[in-house]
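Subject: Structure handover, with notes

Dear colleague,

I am passing on the structure below so that you can open it beside these notes. Please look through it once, and then read on for what was found.

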Amino acid sequence: MKKLTLVNKIKQLGFSDYETKCYLALCERSSMSVSEISKLAEIPRSNAYEALEKLLMKGMVVSIPGKNKKFAASEPETFAMKALDIFNTSAQDEMAALERKIKELQDIKLKEINERKDAIKANLNSIVGELDSLYKSNRGNDNPLDYIKILKDPYQADRLFQKYFSECKEEAFGIVKQRVQVFTDSVLTKKLREQIKAGAKNIKRGVKVRSLYEIFDDNESNKLLCKELIDKFDDAGEQVRVKASLPMRMAVFDNKIAIFTLIDPQTQNDKSSTVQIVKHPVFAQSFKIMFDALWDEAEEYSEFKNRMKID
C-alpha cells in the first residue's frame, strides 16, 4: 500500500506508470539488467526497455556498460532536481502554448471588433447624412430669443469653440485660466494644435486675436507653461498678456458670440463645470469691457518672460 502511494506521487510529477515502476525497482537494487528490472517491476520487457531509455534521457538513471548492459538509479536528490527541471520545462511549454492561444484569440477578437466598427461607421455615415438634412431644414425656424445655450459635454463645447473661432472675421479675444487647467509635457493635444492652427489662419486673414493667460505662483510652472503652450500661440501671431489672477475662462468672437465656463462653486472641480454660449451683442460687449479692463492691467508677455528670466 505504501509503495502504491509512492507510485502515484511520482506519476503526479509527470512520469509514466512504466517509468515510475522502473525507477522504483532500481532504487531497490544497486544495478540490474533490463530483464531483471522487468521482472522486479512486473512489467513487459519491451516496455521496461522503452521506459529506461526515457529515464536515461531525463537523467533519472545511468547505464552501466558490459556484456549485459545494466542500469542504476540516480540518487533521490538528483531525481528531485531533474524532476523540477522537467516540470519547469513543461510549464514553460504550456505557457508558450497558452500565449499563442491568447494571441490567436486576440487576433480573432480584434478582427471581429474592427469589422463591427467598420459596420457602425458605415451606418453612422448614413444616419448623419439623413440627420444633417433634417437638422439644416429646420434651422430657419429658430426662435430669435433662444440666444443662450448651456453645455455640459466638453467635446460639444470644444467643437463649437473651434467652429466660432474658425468663422471669426474681425476680432477674437479670450481668457485662459491655468489654475483650472494645469498643463504638462503633453500639453499640445490635438485640440490645442487645432486652436493654434486656426489662430494662425485667422491672423493671416486680418483677424485681431488677443489672449490673457493666468500665471502660476511657482516660477517653474510658469516656465513649463510658457514653453509648452503660450510660446506656441505667441509665435502664431496672437497678442498675449499675462496676469496673476483672472475670473473665468471665456472667449468672444466678433463681439457677437460669448463662450464662458462656470465652475461649481461648491466642489471647485473643473470636471463639473458648465459651459454657456450667449449669442447676443450686448452681452458680448459687456464681456469686452471686462476683458479690456483686465488687458490694461495685465503684463506684456515679452516683459513677463524677461522679468522672470524665462528664455
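At the N-terminal end of helix α8, D218 acts as a cap, with one of its side-chain oxygens lying 3.3 Å from the backbone nitrogen of E220. Please keep in mind, here and in everything that follows, that this is a predicted model.

Helix α8 itself covers residues 219-235, and it bends by about 50° at C226. The residue at the bend, C226, is buried, and so are others in α8, among them L225, E228, L229, I230, D231 and F233. Just after the helix, G237 adopts a positive phi of about 110°.

One residue of this helix can be followed a little further, namely N222, which lies in α8. Is N222 buried or exposed? Its relative accessibility is 2%, and because buried means under 20% relative accessible area, N222 counts as buried. Leaving aside residues up to four places away in sequence, N222 touches I215, F216, F304 and I310.

To place these details in the whole chain, the secondary structure comes to ten helices and eleven strands. The chain has 311 residues, of which 33% count as buried. If one takes the contacts between residues at least 6 apart in sequence, 70% of them join residues that are at least 24 apart.

Turning to the earlier part of the chain, helix α3 packs against two other helices, α2 and α4.

Helix α2 (residues 17-27) meets α3 at an angle of about 105°, and the two axes are 9 Å apart. That angle makes α2 roughly perpendicular to α3. On the α2 side the contact is formed by K21, C22, A25 and L26, while on the α3 side it is formed by I37, L40 and A41. Sorted by class, this contact of α2 with α3 has six nonpolar residues, no polar ones and one charged residue.

Helix α3 (residues 34-41) and helix α4 (residues 45-58) have axes that come within 9 Å of each other and cross at roughly 110°. How are α3 and α4 therefore oriented to each other? They are roughly perpendicular, since angles of 65 to 115 degrees count as such. Here V34, S35, I37 and S38 in α3 meet R45, A48, Y49 and L52 in α4, and by class the contact of α3 with α4 has five nonpolar, two polar and one charged residues. You may notice that I37 of α3 appears both in the contact with α2 and in the contact with α4.

Finally, there are two residues whose backbone angles you may wish to find in the model. The phi of D254 is near 55°, a positive value in a residue other than glycine, and D254 is placed in the loop between β8 (250-253) and β9 (257-262). With a relative accessible area of 17%, D254 is buried. The phi of K309 is likewise near 55°, again a positive value in a residue other than glycine, and K309 lies in the segment after α10 (301-307). K309, however, has a relative accessible area of 68% and is exposed, whereas D254 is buried.

With best wishes

Terms used:
Residues are numbered from 1 along each chain as its sequence is written. This is a predicted model: local features need pLDDT of at least 70, side-chain atom pairs count only at pLDDT 80 or more; totals for chains, interfaces and linings use all residues. Side-chain values use heavy atoms; hydrogens and water are left out. Axes are lines fitted to C-alpha atoms, for helices over the stretch in contact, and angles run from 0 to 180 degrees between N-to-C directions. Helices (H or I, at least four residues) and strands (E, at least two) are DSSP runs, numbered from the N terminus. Angles under 35 degrees count as roughly parallel, over 145 as roughly antiparallel, 65 to 115 as roughly perpendicular and the rest as oblique. Contact means heavy atoms within 4.5 Å. Ala, Val, Leu, Ile, Met, Phe, Trp, Tyr, Cys and Pro count as nonpolar, Asp, Glu, Lys and Arg as charged, and the others, Gly among them, as polar. The bend at a residue is the angle between axes fitted to the seven residues ending there and the seven starting there. Buried means under 20% relative accessible area, exposed over 50%, partly exposed in between (1.4 Å probe, protein chains only). A polar contact is a pair of N or O atoms within 3.5 Å; within protein, one must be able to donate a hydrogen and the other to accept it, and residues adjacent in sequence count only if both atoms are side-chain atoms.
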